[in-house]
Amino acid sequence: MLAVNFFFDFGKKNFLFSAPDFDPSADAETLYNAMKGIGSDKEAILDLITSRNNAQRQEVITAYKNSFGKDLIEDLKYELTGKFERLIVSLMRAPAYHDAKEIHDAIKGVGTNEKCLIEVLASRNNKQMHEMVTAYKDAYGSDLEEDVIVDTSGHFKKMLIVLLQGSRDESGVVDASLVEQDALDLFAAGEEQWGTDEAKFIMILGNRSVTHLRMVFDEYQKITELSIEDSIKNELSGDFERLMLAVVQCVRSVPMFFARCLYKSMKGLGTADNTLIRIMISRSEIDMLDIRECFRLRYEKSLYNMIKDDTSGDYKRTLLNLCGGDDDLAGEFFPEAAQIAYKMWELSAMTKVQLRPTVRPAANFDPAADAQALRKAMKGFGTDEDAIIDIVAQRSNAQRQEIRQTFKSLLGRDLMKDLKSELSKNLERLIIGLMLTPAEFDAKMMKKAMEGAGTDEHALIEILVTRSNDEIQAMNAAYQAAYKKTLEEAIQSDTSGLFCRILVSLVQGAREEGPADLERADADAQELAAACNAESDDMKVKFMSILCTRSFPHLRKVFQEFVRFSNKDIEQIIKKEMSGDVKNTFYAIALRTNPPIYEIDLFTIRKEFKETHDVSLHEFIQVETMIGDTSGDYRKTLLILCGGED
């Protein structure tokens, strides 16, 4: 349920509490002894510091200087090294001074760390912002606002300055008429007009109260059938877009915002240690337990285990202490997380998907001219790959079918055969795939997944789960026409067991359609919850009977009520209780039930790709296709289909 927005607040459950029987002088002596002589007792240092809250650490710093005439932070810097040193020293700073240092480091020297500015300034409340500004002045002798003005520009700078004022309305009073007006103003400032009135976005998102903005976002979605996030992605760009999205995410849920930031800091190769340290320190005494709940809900992995897998040594031990322990892995939720899971399924049913393709019908389309141009590109010695790419990759599929027909009627030749004879390797596969109808292409992919030794089960699952009834039936017809046997027969000969039965059910293209039946959804949810206590085979059969036949709107309601009956999420249960291809198929159906996951277009995929991977899809294609694509034609075609750089 990754792309759904929700509106629950947590109770701000922090992990680090005041240590009982606290004696700052005794702690100071323990730390002094841990650092005197050759070497240092790192375990004693980390165990003591991570078991005290920040206020107590400040008392220890004072007691250390009183007792030994030395600066504790300077001694820690001298004795420790690397990421462990950065983490321990950061823990010793007061929160406002820690924030001030992070901002100072983000804007000093050459270049700017915009991600740090966004994360800190989008997430702090008025009091935290005022304290940070004061600490910055005290620590660095300069005005934070002036330094931000010098180091940033444009609308990004303007929004940062608004946030730095720490003047967001915190009264909690909401004017219903102003909610509607703000929603209409945001619509008029963006989606309703050509161009964008960025100042209106800055004024509303930078000043209104959190409670008010949540209601504005609800009203905005009713008016536009778009989430405010989608509109921001459509209307804004660059660091300004990322800042405004962060503000919206924090309005919806600060713990979920930090769960996302933590996940991105550790995913893939390498770790963004500065981000990881900053968040673990700044939130350990505010809402770390809430962040943990959100993290497991969103990523189906505990924050504890991700830190454990991604870090090492004393650095890891310190972070795990700050995390406060591993979450229950049985798939059950904390009460608040169960409420969120329930709400997320409800909101997924309300989400409207705006399809935005990167390839559209070409204007002034002339199939005869295109057919002639393609023939010219292929006849004689050599082939003009650029001409082929420019035509095929910039026509819609319906237009390509007209070109195929015109090529044969005008020239008496089979365009597909000509392309196969003139092109080679990946470029040939890509161009031929583009020239097929969607049904022909799906049939070809199904055939390829089952031919030869072995079976590409993932391809079978992806196609059969994501296609509509009409698309599956068209694919069945195309498969029989091309390969002289039914797709069902091919599946039965190439797969076995319950996985085969599931695929056969899906390939009928007979899934129910229409809205949820609330009474029946309640009964289905109870049956699924009861099946979780049955024998494994009986459980899987019951899941198949519901997941493979009910409409997706109905399944959304079933999965929502499943949370209520079981205090578990359907996706976690599937991953925990099942295995192999059966698990993969049911899990894909659960994801498919959420429209933002699968029913999206390449433009939106590009946006989500960059947000998730910190690199644009365009750039990723450029890098990944360099090896083995000596001519660059395959890469060029993919980049055209991608539709541009983000």
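Helices here are DSSP runs of H or I with at least four residues, numbered from the N terminus. The model shown in these views is predicted.

**View A. A positive surface patch that includes Lys444 of helix α27**. Lys444 lies in helix α27, which spans residues 438–450. The patch is formed by Lys417, Lys420, Arg429, Lys444 and Lys448. Two helices, α25 (415–422) and α27, each supply at least two of the patch residues. Lys444 has a relative accessibility of 36%, so this residue counts as partly exposed.

**View B. A stacked pair of aromatic rings, Tyr32 and Phe68**. The structure has 10 aromatic pairs by the rule used here. In the pair of Tyr32 and Phe68, the ring centres are 4.1 Å apart and the planes stand at 5 degrees, so the pair counts as stacked; the cut-off for stacking is an angle under 30 degrees. Because Tyr32 belongs to helix α1 (residues 24–35) and Phe68 to helix α3 (residues 54–68), the pair ties together parts that are 36 residues apart in sequence. Tyr32, at 27% relative accessibility, is partly exposed. Phe68 is also partly exposed, at 28%. Tyr64 joins Tyr32 and Phe68 in one aromatic cluster.

**View C. A salt bridge within helix α15, between Asp239 and Arg242**. Side chains of opposite charge can pair when their charged atoms come close. The structure holds 31 salt bridges, and one of them joins Asp239 to Arg242. The closest N and O atoms of Asp239 and Arg242 are 3.1 Å apart. Helix α15 covers residues 238–252, and the two partners lie 3 residues apart in it, about one turn of the helix. Asp239 has a relative accessibility of 26% and is therefore partly exposed. For Arg242 the relative accessible area is 37%, and this residue is partly exposed as well.

**View D. A salt bridge between Glu512 and Arg520**. The closest N and O atoms of Glu512 and Arg520 are 3.0 Å apart. Glu512 is partly exposed, with a relative accessible area of 33%. Arg520 counts as partly exposed too, at 31% relative accessibility.

**View E. A salt bridge between Lys542 and Glu527**. The side chains of Lys542 and Glu527 meet at 2.7 Å, N to O. This pair links distant parts of the chain, with Lys542 in helix α33 (residues 536–547) and Glu527 in helix α32 (residues 518–531), 15 residues apart. Lys542 has a relative accessibility of 28%, which means that this residue counts as partly exposed. Glu527 is partly exposed, with a relative accessible area of 34%. Elsewhere, Asp522, Lys557, Glu561 and Arg564 are joined into one network by salt bridges that share partners.

**View F. Asp151 in helix α9, shown with Ala106**. Helix α9 runs over residues 144–151 and contains Asp151. The relative accessibility of Asp151 is 24%, so this residue is partly exposed; buried would mean under 20%. Asp151 and Ala106 are 45 residues apart in sequence, and their C-alpha atoms are 9.7 Å apart in space.

Definitions and conventions. Residues are numbered from 1 along each chain as its sequence is written. This is a predicted model: local features need pLDDT of at least 70, side-chain atom pairs count only at pLDDT 80 or more; totals for chains, interfaces and linings use all residues. Side-chain values use heavy atoms; hydrogens and water are left out. Patches are made of residues with over 30% relative accessible area and no salt bridge: like charges are joined within 9 Å, nonpolar side chains (Val, Leu, Ile, Met, Phe, Trp, Tyr) within 5 Å. Accessible areas come from the Shrake-Rupley method with a 1.4 Å probe; for residues, only the protein chains shown count as cover. A salt bridge is a side-chain nitrogen of Lys or Arg within 4 Å of a carboxyl oxygen of Asp or Glu. Lys and Arg count as positive and Asp and Glu as negative; His and the chain ends are not counted. The place of a charge is taken as NZ of Lys, CZ of Arg, CG of Asp or CD of Glu. Buried means under 20% relative accessible area, exposed over 50%, partly exposed in between (1.4 Å probe, protein chains only). Rings of Phe, Tyr and Trp (its six-membered ring) pair if their centres lie within 6.5 Å; planes under 30 degrees apart count as stacked, over 60 as edge-to-face and the rest as tilted.
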